[in-house]
Amino acid sequence: MSKESTYSRRAFLKASGAFVMLASIPYSLKAMYVDVDKLTVVPKQALSITVSINKKSYSVPADTRTTLLDLLREELHLTGAKKGCDHGQCGACTVHVDGERVLSCLTLSAMIQGKEVTTIEGLADGEKLHPMQQAFIECDGFQCGYCTPGQIMSAVACVKEGHTGSVAEIKEFMSGNLCRCGAYNGIVQSIQKVANA
Amino acid sequence: MRPFSFTKIDNAANALAAKKEKSQFIAGGTNLVDLMKKNIAQPEQVLDVTTALSSEIEDFTKGIRIGAMARNSALTTNAIVLEKYPLVSKAVLAGASPQIRNMASTAGNLLQRTRCPYFYDVTTACNKRKPNSGCSALEGENRMSAVIGYSEQCVAVHPSDLCVALAALDAKVNIENSKNKKSVISFGDFHRLPGNEPNRDNNLPENALITSVEIPSNGFQKHSAYLKIRDRDSYAFALVSVAAALELQGTRIVAARLASGGVAHKPWRWYDAEAFLKGKEATAANFSEAANIAVQDLKPLAHNGFKKEMLQGAIATALQQCLTV
């Protein structure tokens, strides 16, 4: 086949026809394409997450979007940490990462690789409750119990941080944990009990 | 939340090299993850900079240098901060909750977005979220909105407490760009007023990140206060807040600093009131007059007229508290 034949009259007509068609697409249609393009979503991406929870090592594949709270509850079936607001406003999801209290709903799982997580499930020593768990029972520190895992994890940290000097100080340093039943007085008493033990 | 790739970065230069148009750096994540859940932030790539940036808090002859990754909680326990810059610690303790302070970084605190309810509600118009869509707060529910420095385009306020203290103490923001070039932005120039571009919160260049924040040494160690007035006692954003600092010689004011949160699109300095106080006696009458001077230019919106009187009282009270704490 000679070289000239690749630029045949037919090919030229086809190409210019296609060009005219493209140019004649109304602007609104192109704008629509831009809008539709915005709706196309990049495919989900998975990671293998290795993390130590309650002194047990786990390696789980998870979507990059998975929060620590969802990893605990949905993937590892550790349902102690609760999903209240899922926006860092209620404290029901409070867990400890490397010994410090944090909100698991605002923590991406990918960011806790290689760290030590403690949840409410890891607080008791076998059948023996943690002193704070015992105190919550004795002082009526809960009613419905939904916020309780978060309250207890926060309370343990509050004592460890040494913010138990007065009722006002305890209230200030427990303000990130909401209780809709209003068991606040019992919660403050539980913390005082453990701090003074 | 939109899917994204996730990469852990080990130093600032690599973080900047890896950054693309739709990338976001993540540190504490306390604001970004929330914004991603609400589809307000939709990064395609999330770059974890928690180990790329310093979390050191260093004392040097001319001041203190706070690493970008220093957690908010570290600012409430660090011995240098507590001794020489107590206003910083007081401001941080007035904000968020212990859990959030354990997570949130210093640089992230500067870069957090407004909590204006319309910014968070994607069903409403908001020029900050979607340029040229309109401002729902201007004629809407604007009880929490700005009283000074706003524009027709945006009446949102900056939510930080730490930044109010940093503004008062004339901090500097150290940044590094993708060409490894380091530069400094003075704190007063870091955050922006909304003007016609309310989508831009600050003047941090596109391909740059904050490496640290510096506070020059000062004479305000003994007399500073942070007063925050909010809808509940703790764990709420400010209606108004005041950072006040005095340097005294006997009872005479050598230097005064006053800044507020909850009033404008950026932490707001009350320069005229500061100038009035300089050289005056530290008396209730002078504090009250400084407060009058500060509030005279306020232009409240339909629902936040109360902020004027509230701020006036808060400034006078914060100045008084400088003498007792």
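How far apart do the C-alpha centres of domain 1 of chain B and domain 2 of chain B lie? The points below take up that question, and then turn to the other features of this predicted model.

1. Domains of chain B. The division of chain B gives a domain 1 that covers residues 5-50 and a domain 2 that covers residues 224-324. Between the C-alpha centres of these two domains of chain B the separation is 36 Å.

2. Overall form of chain A. The C-alpha trace of chain A extends over about 95 × 35 × 25 Å along its principal axes, and its radius of gyration is 28 Å, where a compact globule of 197 residues would come near 16 Å. Of the 197 residues in chain A, 41% are buried. Among the contacts in chain A with a separation of 6 or more, 52% are made between residues that stand 24 or more positions apart.

3. Secondary structure of chain A. Seven helices and five strands make up the secondary structure of chain A, and read from the N terminus the order of these elements is α-α-β-β-α-β-β-β-α-α-α-α.

4. Ala168(A). This residue belongs to helix H6 of chain A, and it is classed as exposed because its relative accessibility is 56%, where the class begins over 50%. Ala62(A) is 106 residues away from Ala168(A) along the chain, and the C-alpha atoms of the two are 42 Å apart.

5. The second largest pocket. The volume of this pocket is about 610 Å³, and its lining is made up of 24 residues, those nearest its centre being Lys171(A), Glu172(A), Ser175(A), Asp233(B) and Ser234(B). At least two lining residues come from each of helix H6 (167-173) and helix H7 (184-195) of chain A, and likewise from each of helix H5 (86-93) and strand S9 (224-230) of chain B. The element that gives the most is S9(B), with four residues. Sorted by class, the lining of this pocket holds twelve nonpolar, six polar and six charged residues.

6. The largest cavity. How many cavities of 30 Å³ or more does the model contain? The count is four, and the largest cavity encloses about 80 Å³ of space. It is lined by 15 residues, among which Cys116(B), Cys126(B), Cys135(B), Cys154(B) and Ala156(B) are the closest to its centre. Ten of the residues in the lining of the largest cavity are nonpolar, four are polar and one is charged.

7. The second largest cavity. With about 50 Å³ of space, the second largest cavity has a lining that includes three histidines, His158(B), His191(B) and His265(B), together with Gln112(B), Arg113(B), Thr114(B), Lys128(B), Val157(B), Pro159(B) and Asp201(B). By class this lining divides into two nonpolar, five polar and three charged residues.

8. Thr106(B). Is this residue of chain B buried or exposed? Thr106(B), which is placed in helix H7 (residues 106-111) of chain B, counts as buried because its relative accessible area is 1%, and the class takes in values under 20%. Leaving aside residues up to four places away in sequence, Thr106(B) touches Ile66(B), Gly67(B), Ala68(B), Ala70(B), Asn72(B), Leu75(B), Leu162(B) and Val213(B).

How values were computed: Residues numbered from 1 in each chain as written. Chains lettered and ligands numbered in written order. Predicted model: local features only at pLDDT ≥ 70, side-chain atom pairs only at ≥ 80, totals over all residues. Heavy atoms only, no water. Domains from an automatic or database assignment. 1 Å grid on protein atoms, 1.4 Å probe; cavity = no way out; pocket = protein on both sides within 12 Å on 5 of 7 lines; lining within 4 Å. Points joined across faces, edges and corners; volume = space filled by probe spheres on them. Nonpolar A, V, L, I, M, F, W, Y, C, P; charged D, E, K, R; others polar. Rg over C-alpha atoms; globule rule 2.2 N^0.38 Å. Buried < 20%, exposed > 50% of the residue type's maximum accessible area, 1.4 Å probe, protein only. Contact = heavy atoms within 4.5 Å.
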